[in-house]
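The report below goes through a two-chain model step by step, from single loop residues to sheets and then to the contact between the chains. Please keep the sequence and the structure at hand while reading.

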Amino acid sequence: MRLPFTKRKKQADRGQLTRTEALACIPERSSSVSWESLDNESIRLEYPLALRPFFLSLAERWGRRQQQRLTRKIELDETGTMVWQMLDGKTEVKAIIKAVANKTGLSLHESEIAVTAFLKTLGKRGLIFLRQQG
Amino acid sequence: MGSPDEALRPIGWNGIVLKIPSSWQAIVGGPRTLVFEEDFQPIFQLRWESKKDTRKWKIDEKIMEIWGSNAESLRAKNLPSAYAGLARRKDIILVGLRLDGKKNQLLGGLKYSEDAGSIAIFQLLNEQGIAEVLLPILKTIGFLDNRQKKLWQIQDFSLATPPFFSLKDYCFAAGRTAISYTAKNLDLEICIFAQGEKRLSQQPLYEMVKTLADDPHLAISQESAASCSGIRTPSIMRQILYRLQRKPPFLSCRAWYSNQTDRILALMLCAKSPLPPGLFEELCENYETTLYKEEEAGRQGSVDQD
């Protein structure tokens, strides 16, 4: 909890990456995520839902068994599927951006906006994490 | 980091034109700011401004304002050898930071034109390997005055507008570029949508035109499967209704699909009074995508310098 009348740390002090550093990172899938390929060549992801203890207790009261794992499923579109398949633990973010640009016909700048927004969404849900090289 | 043999391609944005190596990407950083990158590495930043008064540029004051008191303009005697070609140019001033003794670290510089009343300030973000391409790029920087057509050529499109249009707003999103301009009593908007074929499979072109014009009753004429126009020239009573709704009564809109680049281009011109004859057709003729031209320039590999 931040004390009142104290300044927030600047972005650099909080250890956040610059754009160049972030594009050189390697995204990796979280081990808690499972996925399956569907007939329409898209991918469906299933990941555990991280609930706060208060909501877990509510779930118990409403009859959900404690042992039952609460999960969420999402289905990726064609481009999302392509990006997900490139998350092999070896490919940098910028290589993914270039591959998406080549496949979809977007410019590099447009592809960067789309891919980084998608990776950010996956990261917020805990589906991937970024690993810095070196 | 680009090479002298690499083809240069033209860039134009809000009153400035220049040529950059075809392997560089130009990113709009602001209404009068461009950032150039190669392989996602920023190399070069360019911003420009116009003189507010008729007094001569005070270059030393400008340098101190931008780079601080430790920076100085580099004269021929202390210019790094790689930039010796710039010594003869009186309109280009390189700026460096004195490190120790006579050595200087190149920070950037200025290019100014008293005739055009404009100054361009460039900053090097990555000096490695840029010396060979810097001179050709700086030579090509030109300022457009109020009598010349403005060239807007960046990312994947090219448009030439009459000089009375000024930039109002812009948006470079994934798969969608939208730029709006304004002039006295006229508003112009252009859009480019990527993955055109996929979009057309979900929504026909005439529906896109109606959506862009925000008018479901727009009179549509379909010139071909890949091109569609809409026009609105209301009666006096309807003009009053549109004005009450704060919508410009007179409107022309066109959308077309470019098979070569898989892009849908759209252009809309609107006004409170009847549109100037020929202006809409002129703008449509000057509006095109440039992706395929960049690929051709890269393949040719020819040098294009002034």
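Where is the place of B:Arg246 in chain B? In this model, which is a predicted one, B:Arg246 sits in the loop that runs between helix H5 (236-244) and E18 of chain B.

**Backbone angles in two loops**

Most residues other than glycine have a negative phi. B:Arg246, although it is not a glycine, has a positive phi of about 60°. B:Asp214 is also a residue other than glycine with a positive value, its phi being near 55°, and its place is the loop between H4 and E16 of chain B.

**The seven-stranded sheet of chain B**

In chain B, seven strands make up an open sheet whose order is E13-E14-E15-E19-E18-E17-E16, with antiparallel pairing. Because strand E13 (166-173) and strand E16 (219-224) of chain B each have a single partner strand, they stand at the edges, and one side of each is left without a neighbour in the sheet. On average, and with direction ignored, neighbouring strands of this sheet are turned by 10° against each other.

At the E16 edge, E16(B) is joined to strand E17 (residues 227-232) of chain B by five bridges in the antiparallel sense, and within this part of the sheet B:Ser221 has B:Ser229 in E17(B) as its bridge partner. Helix H4 (residues 205-213) of chain B lies across strand E15 (186-193), E16, E17, strand E18 (250-258) and strand E19 (263-271) of that chain, and its direction makes an angle of about 35° with E17(B).

**The three-stranded sheet of chain A**

Chain A holds an open sheet of three strands in the order E2-E3-E4, again described by antiparallel pairing. Here strand E2 (34-37) and strand E4 (71-75) of chain A are the edge strands, each with a single partner strand, so one side of each has no neighbour in the sheet. The average turn between neighbouring strands of this sheet, direction ignored, is 20°. Strand E3 (residues 43-48) of chain A pairs with E4(A) over five bridges in the antiparallel sense, and A:Arg44 stands opposite A:Glu75 of E4(A).

**The surroundings of A:Glu28**

A:Glu28 belongs to strand E1 (residues 26-29) of chain A. When residues up to four places away in sequence are not counted, A:Glu28 touches A:Gly89, A:Leu127, A:Ile128, A:Phe129 and A:Arg131. With A:Arg131, the side chain of A:Glu28 makes a polar contact of 2.3 Å. By contrast, A:Thr81, which is 53 residues from A:Glu28 in sequence, is 14 Å from A:Glu28 in space, C-alpha to C-alpha.

**Where chain A meets chain B**

How many residues of chain A are in contact with chain B? The contact involves 17 residues of chain A and 20 residues of chain B, and the two chains bury about 1,500 Å² between them, 52% of it on carbon and sulfur atoms. On the side of chain A, the residues that lose the most area to chain B are A:Arg19, A:His109 and A:Glu110, which together account for 32% of what that side buries.

For this interface the rule finds three salt bridges, out of a count of 13 over all chains. Two side-chain pairs that meet across the interface in this way are set out below.

| Residue in chain A | Residue in chain B | N to O distance |
|---|---|---|
| A:Arg19 | B:Glu37 | 2.6 Å |
| A:Glu110 | B:Arg263 | 3.8 Å |

The salt bridge between A:Arg19 and B:Glu37 crosses from helix H1 of chain A to strand E4 (residues 33-38) of chain B. Across the interface of chain A and chain B the rule also finds four residue pairs in polar contact, both residues being at pLDDT 80 or more.

Helix H1 (19-23), helix H4 (93-104) and helix H5 (108-124) of chain A each supply at least two residues of the side that touches chain B, and H5(A) gives the most to that side, with six residues. Sorted by kind, the residues of the side of chain A that touches chain B comprise six nonpolar, five polar and six charged.

Key:
Residues numbered from 1 in each chain as written. Chains lettered and ligands numbered in written order. Predicted model: local features only at pLDDT ≥ 70, side-chain atom pairs only at ≥ 80, totals over all residues. Heavy atoms only, no water. Pairing = 2+ DSSP bridges. Helix = DSSP H or I, 4+ residues; strand = E, 2+ residues; numbered from the N terminus. Axes fitted to C-alpha atoms, helices over the stretch in contact; angles between N-to-C directions. Contact = heavy atoms within 4.5 Å. Buried area = accessible area lost by both parts, 1.4 Å probe. Salt bridge = Lys/Arg side-chain N within 4 Å of Asp/Glu carboxyl O. Polar contact = N/O pair within 3.5 Å; in protein donor to acceptor, adjacent residues only side chain to side chain. Nonpolar A, V, L, I, M, F, W, Y, C, P; charged D, E, K, R; others polar.
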